[in-house]
Amino acid sequence: MADSAGRADGTGHGPEAAERRDLAVRAAVEQGLVGGSDAAPPLVCLLDTAGIRDSAAALTAAFAAAAAPGTPVLHAFAVKAAPLVPVLRLLSDAGLGCEVASPGELALARAAGVPAARTVLDSPAKTVAELREALALGIAVNADNRQELERLDALVAAGPPGPPASPIGVRINPQTGAGAIDALSTATATSKFGIALRDQGAREWLVRAYLDRPWLTRLHTHSGSQGVPLALIAEGVREVHALAEEINAAAGRRQVDTLDIGGGLPVNFASDEHTPTYAEYVAALRAAVPGLFDGSYGLVTEFGRSLLAKHGLVVSRVEYTKTTGGRPIALTHAGVQLATRTVYAPAAWPLRILPYDAKGAPKTGPPVAQDIAGPACFAGDLLATARELPELAPGDLIAVPDTGAYFFTAHYGYNSLPRPPIHGFTTTASGKVHFTLTRRPQTLSEIATEAGATTPDPLL
Ligand SMILES: *Cc1c(COP(=O)(O)O)cnc(C)c1O
């Protein structure tokens, strides 16, 4: 059960993390990282380092428990979920790799020191130059479509003799159907990703494509995302496993030696409970694809949201409050620049709002329906509408949990609002909180420079 502020009293990981969160908000105020008055910044983003490590360990343990001894398993973090070099370093230190989908993301993975053998390149629009670089580095590549495969043919033929250093696979769209959020459903009949397995002639074409290219050794699918049920994700993996078996039977050898099953584990945004868990996902996979873990195939995963979301927190000052049309509104600094999806698609991306007083202590009081507004100049910039919370006042703080993936790490530059600082934090047994600057705030002069301040005249 969660109280009116959304704090869970469930068992397991949640309350511990909730305790750390309360400690971090108070310490952030005490240490001047954020505050209720102009003496401190109005907005800060926090990452719970221990929470990220816990999630990485839970992922690793869930697959290790299921896989036959000796099965190679690579967990490649989807960089787009939190494109921050210190986060990639932390996950790399925990044994994970990186899934990258652009030259920028590859640059981050390399800056974090993630080895080529633990890097996977996906992306539906790779240029020839990107493919060439990936093959030169020896990082794994998953081709999205037939034309990309032809580009790879030419690059492999022009490369050194023998098989390419990079493991190469093809992304499959199993066409198993949509989840609850259309824009995030990758396995629909008409999704833009991969080769559609159920289209006429596709299966035969794929088997032939593998037989013709002995260097194609992987199959890839990423059929999950927020809003997709576990059983549906597992069905996509089952389709790809069956295709691998078919290719290997036709080849008369185990040509496909690795299955990349993507990421896409949904996250619970309603409470502190971590659900579904990695162990539940692994159980769903075992049920749907009994052969997946028997050691016949190495495994690659590409989780993003489920590794980071629960460990990010936005803390903002309430700058003003007002009542309009009978509805109280709290005007804060946390809006569309940090929670773009929530603001533009509020029904799909609801976020909890946790109230704190100016000292950073949890705020209690009778619930009053309030709108929580951001700073941007358009009417829809609201993080929550008619949310029941203790009545907020100027100088109070709100915290927005579950924002560690695709929220403040995917800044949106509307209104020239700057990227706020991100601090990682750790807590000691005695409740002391230690912050480390993880991304420094964007300065106003940087914003001006990026907007042409140093070369103002080209349009005159
Ligand atoms: C976005 C993406 C992921 C990560 O998805 P999550 O829902 O964040 O786990 C993994 N693989 C591919 C190919 C993706 O595009």
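## Polar contacts of the ligand

A polar contact is a pair of N or O atoms within 3.5 Å; within protein, one atom must be able to donate a hydrogen and the other to accept it, and residues adjacent in sequence count only if both atoms are side-chain atoms. This is a predicted model, in which local features need pLDDT of at least 70 and side-chain atom pairs count only at pLDDT 80 or more, while totals for chains, interfaces and linings use all residues. Residues are numbered from 1 along each chain as its sequence is written, and side-chain values use heavy atoms, with hydrogens and water left out.

The side chain of Lys 80 places an N or O atom 2.8 Å from an oxygen atom of the ligand. A nitrogen atom of the ligand lies 2.7 Å from a polar side-chain atom of Glu 302. Gly 304 contributes a backbone N or O atom, 2.9 Å from a ligand oxygen atom. On its own the ligand has 390 Å² of accessible area (Shrake-Rupley method, 1.4 Å probe), and the protein covers 92% of that area.

## Surrounding residues

The ligand is surrounded by 13 residues (a heavy atom within 4 Å of the ligand), the closest being Lys 80, Gly 264, Glu 302, Arg 305 and Tyr 406. This shell comprises six charged residues, four polar and three nonpolar. Here Asp, Glu, Lys and Arg count as charged, Ala, Val, Leu, Ile, Met, Phe, Trp, Tyr, Cys and Pro as nonpolar, and the others, Gly among them, as polar.
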